[in-house]
Amino acid sequence: MTATVLTLDTLLAAKAQNRPLPKGTMANGDYRNADLSGLRFDKTDARGARFDGAKLSQTTWHDCQLDNARFDQCRLEKSGFHACRGTSASFKSASLCFTKMKDCRWQDCDFSLADLTRLSVAASAFPGCRMATARLKEARLSMCDISGLDLRGAIWEKTHLPDSQLNGTTLAGATLRLCSFNRAQARDADFSGMTAPHTSFYCAELDKARFCDANIEGAIFDLARLDHTDFSRAKLSGAHFSEAKSIALTFSHAQLADADLGYLQAAHADFSHADLTGARLHAAELPDAAWRDAILLNVRRDDPELRAAELWRPPF
């Protein structure tokens, strides 16, 4: 049985009468520049549909098929996408401010120049998506997968990615302000040349990640896993590495003035030519570390009495 085609007139009538949409398909439909704000699309096939320039604010999309759909320059503020699937969909220059997404999969989609301010995403994947030029401000992507994306030169502000996956992702040269990657998996990710002071990587898995030449002063790496992570020439003054663990960590030529490396466990670490002026090495375990030409002026070394006090537990 052929599905009923939901024409633009049908959608506008449903909107005017404030009633649910009838069952049907929107595949390859033309809805450009239409005002469809507030409508609910439930299990709708909108593959190949054109929504360019449409007003879609406060719309709800549940379990929809959006392959090759075009949302370029759409107004999608305060909309919601739940359990939607889209391959090669386009959101170029669209506004998704305050939009929510959950359990979605966006494959090879284009978010170039999209405004993602206050975007809230949970348990969604973005394989192959283009979003380096998207505006991410005060956004939250929780338990999301953006592995392998090329985000070189991205500019993010107050954006948080807790428990997300960034394996193999490139953020080289990015500018991040007050962002966090707490408990994220970012194995083999490239953060080289990034400017991101005070960024938090608390408890993140950063094996083989590269932070070469990055400015990440005051960054937090407490409890992080840093096997073969490269911080060569990075600016890490005031950074925190408390209780982080690593094998073959590289700090060659890095600036670590006043950094906190307390309780860091890092076998075979390379501190060659690094500046550790005033750094805290209390209770750090650094077997077979390389210290060639490192600057160790006023380094605060292990204090056995303080360590005993910190590890003391009241008797039961």
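Two residues are in contact when heavy atoms of theirs lie within 4.5 Å. The exercises below apply to a predicted model.

**Exercise 1. Overall description**

Task: State what share of the contacts with a separation of 6 or more comes from residues 24 or more positions apart, and describe the secondary structure and extent of the protein.

Solution:
- Step 1. Among contacts with a separation of 6 or more, residues 24 or more positions apart account for 3%.
- Step 2. Two helices and 13 strands make up the assigned elements.
- Step 3. Along the principal axes, the C-alpha atoms fill a box of roughly 75 × 50 × 30 Å.

**Exercise 2. Surface and charge**

Task: Give the buried fraction, the exposed area and the charge balance of the side chains.

Solution:
- Step 1. The protein has 316 residues, and 48% of them count as buried.
- Step 2. The exposed area is about 14,600 Å², of which carbon and sulfur atoms supply 48%.
- Step 3. There are 39 positive and 40 negative side chains. The centres of these two sets lie 8 Å apart.

**Exercise 3. Two aromatic pairs**

Task: Classify the ring pairs F181 and F191 and F211 and F221, and place each residue in the chain.

Solution:
- Step 1. A pair of aromatic rings is described by the distance of the centres and the angle of the planes. Planes over 60 degrees apart count as edge-to-face.
- Step 2. The protein has 28 aromatic pairs. One of them joins F181 and F191, with 6.1 Å centre to centre and 70 degrees between the planes, so the pair is edge-to-face.
- Step 3. F181 and F191 both lie in the loop between β11 (175-177) and β12 (245-247), so their pair ties together parts that are ten residues apart in sequence.
- Step 4. Buried means under 20% relative accessible area. F181 has 2% relative accessibility and therefore counts as buried; F191, at 1%, is buried as well.
- Step 5. F211 and F221 also form an edge-to-face pair, with 5.6 Å between the centres and 90 degrees between the planes.
- Step 6. F211 and F221 are ten residues apart, each in the loop between β11 and β12.
- Step 7. The relative accessible area of F211 is 0%, so F211 is buried. F221 has a value of 0% and is buried too.

**Exercise 4. A ring cluster**

Task: Which residues do ring pairs link into a cluster?

Solution:
- Step 1. The Tyr and Trp members are Y31, W61 and W106.
- Step 2. The Phe members are F41, F51, F71, F81, F91, F111 and F126.

**Exercise 5. A three-stranded sheet**

Task: Give the strand order of the open sheet and explain why β8 and β11 each have one side without a neighbour.

Solution:
- Step 1. The order is β8-β10-β11, and the pairing is parallel.
- Step 2. β8 (136-137) and β11 are at the edges with a single partner strand each, so one side of each has no neighbour in the sheet.
- Step 3. Two bridges pair β8 with β10 (residues 155-157) in the parallel sense.
- Step 4. K137 has E157 of β10 as its bridge partner.

**Exercise 6. The surroundings of R19**

Task: Is R19 buried or partly exposed, and which residues does R19 contact beyond its neighbours within four places in sequence?

Solution:
- Step 1. R19 is in the loop between α1 (8-16) and β1 (40-42).
- Step 2. The relative accessibility of R19 is 34%, so R19 counts as partly exposed.
- Step 3. With neighbours within four places in sequence left aside, R19 is in contact with A13 and A14.
- Step 4. R19 and L39 are 20 residues apart along the chain, and 8.9 Å separates their C-alpha atoms.

Definitions and conventions: Residues are numbered from 1 along each chain as its sequence is written. This is a predicted model: local features need pLDDT of at least 70, side-chain atom pairs count only at pLDDT 80 or more; totals for chains, interfaces and linings use all residues. Side-chain values use heavy atoms; hydrogens and water are left out. Helices (H or I, at least four residues) and strands (E, at least two) are DSSP runs, numbered from the N terminus. Buried means under 20% relative accessible area, exposed over 50%, partly exposed in between (1.4 Å probe, protein chains only). Accessible areas come from the Shrake-Rupley method with a 1.4 Å probe; for residues, only the protein chains shown count as cover. Lys and Arg count as positive and Asp and Glu as negative; His and the chain ends are not counted. The place of a charge is taken as NZ of Lys, CZ of Arg, CG of Asp or CD of Glu. Rings of Phe, Tyr and Trp (its six-membered ring) pair if their centres lie within 6.5 Å; planes under 30 degrees apart count as stacked, over 60 as edge-to-face and the rest as tilted. Two strands pair if DSSP finds at least two bridges between them.
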